[in-house]
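Biologist: I'm completely new to this one. Pick a single part, take me through it closely, and then show me how it fits in with its surroundings.

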Amino acid sequence: MANSYLRFLRLADTLTKSSEKPLDPLSKDILEYISKNIILNESKLVVGDILTLNRLGSQATLHKRLHSLVDDGYITLKPTNDGRVKRIELTKKADKYFSDLSRALEKAAKA
């Protein structure tokens with residue numbers, strides 16, 4: 001079991017190192033949180049929802065990482081009816097990132 005996990009980590013590292021700019025651990029955590037909430041809960045996530053995750057960092061740090069994810073092409077921020085609130089959406093790049101990780105996990109499990 002541990003060997004499969006280590007193979008997965010090695011494959012995942014290979015995937016992330018091949019990208020133009022690897023995600024830092026906090027950005028990965030935020031992206032995973034966003035993905036889980038959007039896909040599993042089928043809910044609309046807004047910037048304020050992320051800024052309340054004080055276990056991950058201060059509001060300023062989280063806000064900066066969100067904008068880094070936007071700049072890197074993993075998420076987009078869409079305006080809502082209330083101009084102060086922005087909805088978070090995953091991009092095709094984020095979908096590809098998670099798809100690549102899924103393939104790495106499947107490959108590690110089969111080996």
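Modeller: Let's call a residue buried when its relative accessible area is under 20%, exposed when it is over 50%, and partly exposed in between (1.4 Å probe, protein chains only). By that yardstick, buried residues make up 29% of the 111 residues in the protein chain. Keep in mind that this is a predicted model, where local features need pLDDT of at least 70 and side-chain atom pairs count only at pLDDT 80 or more, while totals for chains, interfaces and linings use all residues. Residues are numbered from 1 along each chain as its sequence is written, and side-chain values use heavy atoms, with hydrogens and water left out.

First, the layout. The protein chain has five helices and three strands (DSSP runs numbered from the N terminus: H or I of at least four residues for a helix, E of at least two for a strand). Reading from the N terminus, their order is α-α-β-α-α-β-β-α. Along the principal axes, the C-alpha atoms fill a box of roughly 50 × 25 × 25 Å. If you look at contacts (heavy atoms within 4.5 Å) with a separation of 6 or more, 56% of them join residues 24 or more positions apart.

The part I'd zoom in on is helix H4, residues 59-71. H4 has 13 residues and spans 18 Å between its first and last C-alpha, close to the expected 18 Å (1.5 Å times one less than the number of residues). Which residues of H4 are buried? They are Leu62, Leu66 and Leu69. Viewed down the axis of H4, these buried residues fall within an arc of 60° (taken from the directions from the helix axis to the C-beta atoms), so they line one face of the helix. Turn to the other side of H4 and you find Ala60, Lys64 and Asp71 exposed.

So what does that buried face meet? The buried residues of H4 pack against helix H2 (25-39), helix H3 (47-51), strand S2 (75-79) and strand S3 (86-90).

Just past H4 comes Gly73, with a positive phi near 90°. Gly73 is also touched by Thr91, along with Tyr74, Ile75 and Thr76, leaving aside residues up to four places away in sequence. Thr91 itself sits in the loop between S3 and helix H5 (92-110), and its relative accessibility of 14% makes it count as buried.

Now for H2, one of the neighbours of H4. H2 has 15 residues and covers 21 Å from its first C-alpha to its last, close to the 21 Å expected. Its buried residues are Leu26, Ser27, Ile30, Leu31, Ile34, Ser35 and Asn37. H4 is part of what covers them, and the cover also includes strand S1 (45-46), H3, S2, S3 and H5.

One more residue in H2 deserves a look: Ile38. With a relative accessible area of 22%, Ile38 is partly exposed. Ile38 touches Ser43, Leu45, Ile88, Glu89 and Leu90, again without counting residues up to four places away in sequence. For a sense of distance, the C-alpha atoms of Ile38 and Lys107 lie 26 Å apart, with their positions 69 residues apart along the chain.

To find your way back to the start, look for Leu62, Leu66 and Leu69 on H4, then follow them to H2, H3, S2 and S3.
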